[in-house]
Each structure stands twice: as C-alpha cells, then as structure tokens.
Amino acid sequence: MIYLQMLFSFFQIGLFSFGGGYAALPLIQEQIVEVHGWLAMDEFTDLITISQMTPGPIAINAATFVGTKIAGIPGALVATLGCVLPSCIIATLLAKLYLKYRRMDMLQGVLGSLRPAVVALIASAGISILLTAFWGSGAAVVLADTRWSLVAIFAVCVILLRKTRLSPVLVMVLAGGLKLGLSLLGF
C-alpha cells in the first residue's frame, strides 16, 4: 500500500510541478510533510539542502530520498518513477502539439500567462525555507528567536552570488564552512 501512496503522491508532484524544481517545492512539501507526514519540516529543509548538493532535479532527488527513507530501494524506485512518468508523458505530447501549433498567438498567450504563477510558486517555497532556516520549523517569527548567524551567512551568500561570478557550489561549500567556523567559535 505504501508503494501506491508514494507512486500516486510523486505522480501528482511530477504532474503539477510546472516551472521546474523550485516551483515544485510547495507541492513536494504539501505531500511529504503535510499530507503523509513522511518527513518533519526540519527534515524537509535538510532534504532541500541535500537535493541542492546532489546532481539532478530537486523533485527527483526528493522522491529518491523519501522513497529510500520510507521503503528502501524499492520505495526509491517507485517514488522516482512516479515523479518522472508525468514529465515523460507530458513532454512527448507537448512536443508534438508545439511543433504543430507553435505559430498560434493563443498558445504564446497561454505560455506567457503561466510565468507569474511560476514566480509565485518559487517565492512561496523560498519564503517557507527562509522562515524555517531563521526561526525553526513551526516557530513564530520573533526577533529575539532569530538565528543571526544564519542570517549573516545568508546575506554573505546572496552578496557573493549577486556581485561575483563564484560558482553556487563554491558558495554552498563556503556557507557550510562559515557555519562550521561559527559553531566552533560558539555562535
């Protein structure tokens, strides 16, 4: 039964995650944390971090991670298949339709209207992760409870990503090093 639940949950994620990995985060969070309780919010935040450090799309990495945690290797295969299957079907159908109707104004209008929704999904996921990182899972946003060392690391990372040409991977390693250093210093 758990295999069918994972297959169906990740099929939904794969089916409705328009706009890529970050846009899928609210859908992944809803299925994994809220609907099924397979991960706590802190574990979900760790999952996002791990998914960013491993190659591949975030939804597939999440499916593999959760599948492995819940039901071992067979669970990882089922969850990953559920996540990938809708994309294969939809991409094949859309490619055929796009090649046939790509010059239609209505099609261009539909594609343009999806952009704001994708931006909203990405922003929603980012805010959820930011709140969890700075104040903890389920915690109220209280200035006194703010994890200032993480806020500082976040600010340094944003500045480095926006103002330099450093690789995001290098910035992530630097962030981990900064947190380790601050922890060793007692912050």
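Okay, a quick word on terms before the pockets: when I say helix, I mean a DSSP run of H or I with at least four residues, numbered from the N terminus. And keep in mind that this is a predicted model.

Let's start with the second largest pocket, since that's where the helix labels come in. Helix H1 (2-16), H2, helix H4 (58-101) and H5 each put at least two residues into its lining. Which of them gives the most? That's H4, with twelve residues. The volume here comes out at about 640 Å³. There are 26 lining residues, and the ones closest to the centre are Phe18, Ile90, Ala91, Leu94 and Leu114. As for chemistry, the lining splits into 21 nonpolar and five polar residues, with no charged ones.

Now over to the largest pocket. That one holds about 1,400 Å³ of space, and 34 residues line it. If you want to find the middle on your screen, look for Thr49, Ile129, Ala133, Phe154 and Met172, which lie nearest its centre.

So who builds the wall? Helix H2 (21-35), helix H3 (41-53), helix H5 (105-135), helix H6 (148-163) and helix H7 (168-184) each supply at least two lining residues. H5 has the largest share, at nine residues. And by class, you get 23 nonpolar, six polar and five charged residues around the largest pocket.

One last thing to look at: H2 and H5 turn up in both lists, each with at least two residues lining the largest pocket and at least two lining the second largest. Okay, that's my bit on the pockets.

Notes. Residues are numbered from 1 along each chain as its sequence is written. This is a predicted model: local features need pLDDT of at least 70, side-chain atom pairs count only at pLDDT 80 or more; totals for chains, interfaces and linings use all residues. Side-chain values use heavy atoms; hydrogens and water are left out. On a 1 Å grid over the protein atoms alone, a cavity is a set of points where a 1.4 Å probe fits but cannot get out, and a pocket is an open set with protein on both sides within 12 Å along at least five of seven lines; lining residues have an atom within 4 Å of a point. Grid points are joined across faces, edges and corners, and a volume is the space filled by probe spheres set on the points. Ala, Val, Leu, Ile, Met, Phe, Trp, Tyr, Cys and Pro count as nonpolar, Asp, Glu, Lys and Arg as charged, and the others, Gly among them, as polar.
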